[in-house]
Amino acid sequence: MKEERFSVGGSPLHRGSVKLKLCGGLLFIPAFAITPSYREALIFLFISLLLTAIARLPLKHVINRLVLANFFSLFLFITLPLTYGGDPFLIWGVPVSKAGFLLGGLIVIKTNGILLALIALLGTSTVSSLGHGLNALGVSDRLTALLLFSYRYIFVIEQEFKRLQRAAKIRGFSPGTNVHTYRTFGYLIGMTMVKSWDQSQRIHDAMVLRGYDGQFFPLTNPSNRSPFDLILFLGLVLASIILTFLGYLG
Amino acid sequence: MSTLLNLDNVCFSYPHCQPILNNCNFSIGDQRIGLIGSNGSGKTTLLKILVGLLKPQQGRLFHQGSEVTSERDYRKLRKNLGFLFQNSNDQLFSPTVIEDIAFGPLNMGLTQDQARERSLQILKKLDILSLQDQITHRLSGGEKKLVALATVLVMNPRLLLLDEPTNNLDPETREKLTAILRDLEIARIIISHDWDFLTETTDELYSIEHGHLHQCKDGHVHVHQHVHEHGDKPHHHS
Amino acid sequence: MHISEGVLSLPVLATGGTITFFSTMYGLKKLDYDKIMTVAMFSSAFFVASFIHIPLGPGSVHLLLSGIVGLILGWAAFPAILAALFLQALLFQYGGLAVIGVNTVIIAAPAVILGLFFRPWLVQPGKKRFIASGAAGFFSIFFSSLLMAAALIATDAGFAKAALLLVAWSIPVSILEGVITISIVKFLATVQPEILFFSENSK
């Protein structure tokens, strides 16, 4: 699992203020998501591409991620033209719904544009700093703690599961479509849960020993806000508002 | 010497098992104690009772002369103790090193700046300042151990409880840990099977057998890992 | 089981966001501080499950495990699943931020409701536990697919047939999830039954 692949870099977006990136992103992404027409969606996409360029993201990895994340929109892009109804036109003798085709295309543009913006704006920060940013923006201490702890233990649990899976493989387990396979996977997952459970009790102990009594005080990073951050934030806000108005009224 | 902790006739057993501590008496002030005993003899259980992670089923625990009963007493007691777990993965739960170290000081009511300042000091002291912004789960086993020690030391404990600190450490980190603990002037109980390490970092030796705690009378047995046949066991040179 | 960004309409996104907001608040309120670490562990386990590929016929599917998460965590499954989905959106661009409310409702609502409904049976050995775990596993996925279809159709009636395809596809996956949930619960009941009682002494 290659986590936080995009969080390392020297671009202005990597160095930017997490709080402003979060605020901007949390306005820009929903605005992009609900835009009803091609014209505005393409402008949004252009801005996302611009952000990607500013963030100097490794293109190969970005495309990899997009491909993996596109299953759902590709499913719609393929099924909608065949199922949407309305005026059909023929492609190789197959009746294709024009409205369905256009809607599928719009969805593909939006999905990918939003993912680019998501990577460029938030992927360029670490989960830890995003957690603290969300906390500073009003997300409760408990939810922040939950988020940061579950992030921390994803890798421990994944390794644990893989260790068990390897052990099963060494003993000749080869998965197939049968009850034995499913039962074995159930046991492997159950064992992972038992180990995680035990570990969570020990970690809780460690926290109590260091004075934890339910109040969570995250260590905040000193914020460094540059003019670039403010320009970026205002730009995102303006673009979101103007394009939303144009989309629904224009 | 003033006594910090005192166990009075403490018994403890896990469900469906033989008693693991049986009328156990023990006190510690500012000594540097090594604790040995076979696997499952109750060494870790003893440490857990001292910090209140387990409660004695019989007998009493005293902290600076007064009995520890309520959760509030335990909280006060824990402020004086620093417990280093066997497995650092159980102890380091924050995303980055500096956050993990600042967790304790922040709980003690220090401000953000004070907590950061103090955490950086301790990192500097242990010579791992460069790790401050690292992601905890990506550290090596040795680095994790040193960071875990930093999370404990940053609380300024009066007594350190270390559970097999040199287990699975590379020789280099082991050396480093030995030097750090040798030079620290904090009382300690160290569980270990690593004789050389105990000789360097403790002055007295205790062992647990059949639920009882004994001091090995001849002071610290002379132990080191050398080439003759008793090199891995405690022995006396004639 | 993630709807991707840019598919749903504003009213659907807003409804999902609102339900998730209040359910998460409620779930967090019911959560004791000394359980937060365990809930975080389940949240990570839920995240990891989406990388476990299980063979099914000629291909393979990934697990969701929302059934077992709901059975064990009860209301706390809402914040746990929200946290996991946020991390998936951030680290792997699965799902997304604007749709996170809807996706959380789709996955967590059936899990919580089935969990609350079947938990009394879960703690009883024998047939009832077997039925409770199988049903929670099966219906959590099946109901999630129905909610997913509902979100799509509420956005645009033209999605109806595509949504039906998704529901149909979810049936074999639901069966698989049911079988695996039975096996997980059987394992936990033998090895560490207190996990199954996790929510019993909640506030």
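A residue counts as buried when its relative accessible area is under 20%. With that cut-off in hand, here is a friendly tour of the salt bridges in this predicted model. A search over all chains of the whole structure finds 15 of them, and a few are worth opening in your viewer.

**The pair in chain B**
- Arg78(B) has a relative accessible area of 7%, so this residue is buried.
- Its salt-bridge partner is Glu71(B), with 3.1 Å between the closest N and O atoms.
- Glu71(B), at a relative accessible area of 36%, is partly exposed.
- Elsewhere, in chain A, salt bridges with shared partners link Glu160(A), Arg163(A) and Lys195(A) into one network.

**Two members of that network, in helix α8**
- Glu160(A) and Arg163(A) form a salt bridge through their side chains, at 3.0 Å from N to O.
- Both residues belong to helix α8 of chain A, which covers residues 141–170.
- Three residues separate them along the chain, about one turn of the helix.
- Glu160(A) is buried because its relative accessible area is 13%, while Arg163(A) is partly exposed at 46% relative accessibility.

**Sequence neighbours in chain A**
- Arg39(A) and Glu40(A) also join their side chains in a salt bridge, with an N to O distance of 2.7 Å.
- Glu40(A) has a relative accessibility of 1%, and therefore counts as buried.

**A general thought to keep in mind**
- Side chains that carry opposite charges can pair when their charged atoms come close.

Notes
Residues numbered from 1 in each chain as written. Chains lettered and ligands numbered in written order. Predicted model: local features only at pLDDT ≥ 70, side-chain atom pairs only at ≥ 80, totals over all residues. Heavy atoms only, no water. Salt bridge = Lys/Arg side-chain N within 4 Å of Asp/Glu carboxyl O. Buried < 20%, exposed > 50% of the residue type's maximum accessible area, 1.4 Å probe, protein only. Helix = DSSP H or I, 4+ residues; strand = E, 2+ residues; numbered from the N terminus.
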